[in-house]
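Trainee: I'd like to learn how to read a model like this one. Could we go through it together?

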Amino acid sequence: MDVVHAEDTRTRLLGTALRLFTEHGVEGTSLQMIADALGVTKAAVYYHFKTKAEITESVAEPVLRELEGIVDDARAQRTRGAQIDHLLDGFVDLVVRHRALVALFSSDPGIARAVEKSVHSSESFKNRLLEVLVGPDPDLTAIVTAQVLLAGIAIAGGSPEVAPLDDETLRETLLGVGRKLYNRPRRRT
């Protein structure tokens, strides 16, 4: 199998896995189901991934890597307000663009385990993310507020109740709620 074809198959495999995870959950999706949906053999799936856990982690990995970039860019902003605004804008954009996966992050134990494994392997990432929102010496209220902000945006953004909303309406609504929770001024558009 040439490299370009293998990469295309891998990309298709991850897209198919995400679709099946969304429909059946991680636990309800087998490697055989993924192979059948792709029209390939189970051996072809094994060529790219040895376990379903590897597939699950690979489905989540690009979004987590993008979030890391958003956090690093936010930390590079000059003022605390600019850091919070950058993180909030980037996080909301990420949630809106990846609604299906974010819904799985919030509701499916299989994806949640993959995310937790990735995030725990980078404890410094979690600390950097929270520090942007709470500063260097936070009190309990600041920590809880940051957790509510992140979890609330993720859960609401992936909720079936907001699935009919267009991206811009969802983005503006989530940003408005996040800004209100953090007492950030409304941005003029």
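Mentor: Happily! Keep in mind that this is a predicted model. Let's begin where two parts of the chain meet: about 760 Å² is buried between domain 1 and domain 2, and carbon and sulfur atoms give 70% of that area.

Trainee: Which three residues of domain 1 supply more of the area buried against domain 2 than any other three?

Mentor: They are L18, F21 and V26, which supply 53% of what domain 1 buries against domain 2.

Trainee: How many residues of each domain are in contact?

Mentor: Contact here means heavy atoms within 4.5 Å. By that cut-off, 10 residues of domain 1 touch 10 residues of domain 2.

Trainee: Where does each domain lie in the chain, and what distance separates the centres?

Mentor: The domain assignment places domain 1 at 1-50 and domain 2 at 56-181. Taken over C-alpha atoms, their centres are 27 Å apart.

Trainee: How many helices and strands should I look for?

Mentor: You will find 10 helices and 0 strands. Reading along the sequence, the pattern is therefore α-α-α-α-α-α-α-α-α-α.

Trainee: And what are the overall dimensions?

Mentor: Along the principal axes, the C-alpha atoms fill a box of roughly 55 × 35 × 30 Å. The accessible surface of the chain is about 10,500 Å², with 56% of it belonging to carbon and sulfur atoms. Of the 189 residues, 41% count as buried.

Trainee: What share of the contacts joins residues at least 24 apart?

Mentor: Take the contacts between residues at least 6 apart in sequence: 67% of them join residues at least 24 apart.

Trainee: How many positive and negative charges are there, and how far apart are their mean positions?

Mentor: The chain has 23 positive and 27 negative charges, and their mean positions are 3 Å apart.

Trainee: Let's try a single residue. Where is I143 found?

Mentor: Look in helix α9, which covers residues 140-157.

Trainee: Why does I143 count as partly exposed?

Mentor: The general idea is a pair of cut-offs: buried means under 20% relative accessible area, exposed means over 50%, and partly exposed is in between. I143 has 33% relative accessibility, so this residue counts as partly exposed.

Trainee: Which residues is I143 in contact with, leaving aside neighbours within four places in sequence?

Mentor: Those are V134 and P138. You can also find L130, 13 residues from I143 along the chain, with 7.6 Å between the two C-alpha atoms.

Note on methods: Residues are numbered from 1 along each chain as its sequence is written. This is a predicted model: local features need pLDDT of at least 70, side-chain atom pairs count only at pLDDT 80 or more; totals for chains, interfaces and linings use all residues. Side-chain values use heavy atoms; hydrogens and water are left out. Helices (H or I, at least four residues) and strands (E, at least two) are DSSP runs, numbered from the N terminus. Buried means under 20% relative accessible area, exposed over 50%, partly exposed in between (1.4 Å probe, protein chains only). Accessible areas come from the Shrake-Rupley method with a 1.4 Å probe; for residues, only the protein chains shown count as cover. Lys and Arg count as positive and Asp and Glu as negative; His and the chain ends are not counted. The place of a charge is taken as NZ of Lys, CZ of Arg, CG of Asp or CD of Glu. Domain bounds come from an automatic or database domain assignment. Buried area is the accessible area (1.4 Å probe) that two parts lose on being put together, summed over both.
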